[in-house]
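I opened a new notebook page for this one. The plan is to go from the whole chain down to a few single residues.

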Amino acid sequence: MLRPLLYLCITTLLSVAAAASAQSDGATDGEAREALRQFLEANIAASESFDDRFDAEVWLVDMGARLTRYVPDADKRLQLLRQVHAAASRSDLAPELVLAVIEVESHFDRFAVSRVGAQGLMQVMPFWKDEIGRPGDNLTNNLTNLDYGCRILQFYLQRENGVLPRALAAYNGSSGSATYSDKVKTAWREHWRTGNLDWSD
């Protein structure tokens, strides 16, 4: 059963208009921005994600081989994959989708900064730290960045009724265009795919 606060957040999200708005440039209308702020405030947290050790080992070995091109160091690669899996699982996202988003957003450079100031692996805008009362959060820290990025993408997926291309476009601030979602889909299909995702619009 959902906790009352999380239920309230989801109820709020479902009432937000479907017109997409960007987390990447802060161009949200007041209602949508407040809904996302509440969602982040209620859900930024940390926990472990693997329930089965064998499944964990299989996934980590498989994804580790794929990630080598971006993260040559084996220890750092394993640590990052555990962090991605945990953050994705908390947000009900496929970890492979999150890896594809990171590839497109930052090429796994945790110090990446966009021309509009988005930071870290998932290119999160720093104004969200103040919005949810966590000004000390460091978005170049992988755990923090993944938690923000995954929760923001989860928010848009819920708002867009599970339509992945539209949610990705909103995440990127390019609503109405398929360019970004196509890039993520290509990265997922060519480098991270292990099962199926619904890419229908």
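**Whole chain**

I started with burial: of the 201 residues in the chain, 51% are buried. I kept in mind that this is a predicted model.

Next I looked up the secondary structure. I got nine helices and zero strands, so the run of elements from the N terminus reads α-α-α-α-α-α-α-α-α.

Then I checked the surface. The chain exposes about 9800 Å², and 50% of that is supplied by carbon and sulfur atoms.

I also wanted the contact range. Taking contacts between residues at least 6 apart in sequence, I found that 62% join residues at least 24 apart.

**The core**

Which residues have the most contacts inside the largest nonpolar core? I noted V98, V101, M122, L146 and Y171, in a core of 48 residues. The elements giving two or more residues to this core are α2 (30-43), α3 (53-67), α4 (74-90), α5, α6 (127-131), α7, α8 (164-172) and α9 (179-192). The largest share comes from α7, with eight residues.

I picked L146 from that list for a closer look. Neighbours within four places in sequence aside, L146 is in contact with L80, Q83, V84, A87, V98, I102, L121 and M122. V98 and M122 are also on the list of residues with the most contacts inside the core.

**L143**

I moved on to L143, which sits in helix α7 (residues 142-159). Why does L143 count as partly exposed? Its relative accessibility is 47%, and partly exposed covers the range between 20% and 50%.

I also looked up a pair here: L143 and A87 are 56 residues apart along the chain, yet their C-alpha atoms are separated by 7.7 Å. A87 had already turned up among the contacts of L146.

**E96**

Last entry, a charged residue. E96 belongs to helix α5 (residues 95-106). I asked myself whether E96 is buried or exposed. E96 is buried, and it has no salt bridge. R66 is the nearest side chain of opposite charge, at 7.5 Å. A salt bridge needs the charged atoms within 4 Å.

What does the side chain of E96 make a polar contact with? I found the side chain of T194, at 3.4 Å. Leaving out residues up to four places away in sequence, E96 touches W59, M63, W188, W192 and T194. So T194 is in my notes twice for E96, as a residue it touches and as its polar partner.

Note on methods:
Residues are numbered from 1 along each chain as its sequence is written. This is a predicted model: local features need pLDDT of at least 70, side-chain atom pairs count only at pLDDT 80 or more; totals for chains, interfaces and linings use all residues. Side-chain values use heavy atoms; hydrogens and water are left out. Helices (H or I, at least four residues) and strands (E, at least two) are DSSP runs, numbered from the N terminus. Buried means under 20% relative accessible area, exposed over 50%, partly exposed in between (1.4 Å probe, protein chains only). Lys and Arg count as positive and Asp and Glu as negative; His and the chain ends are not counted. A polar contact is a pair of N or O atoms within 3.5 Å; within protein, one must be able to donate a hydrogen and the other to accept it, and residues adjacent in sequence count only if both atoms are side-chain atoms. Contact means heavy atoms within 4.5 Å. A nonpolar core is a set of buried Ala, Val, Leu, Ile, Met, Phe, Trp, Tyr and Cys residues joined through side-chain atoms within 4.5 Å. Accessible areas come from the Shrake-Rupley method with a 1.4 Å probe; for residues, only the protein chains shown count as cover.
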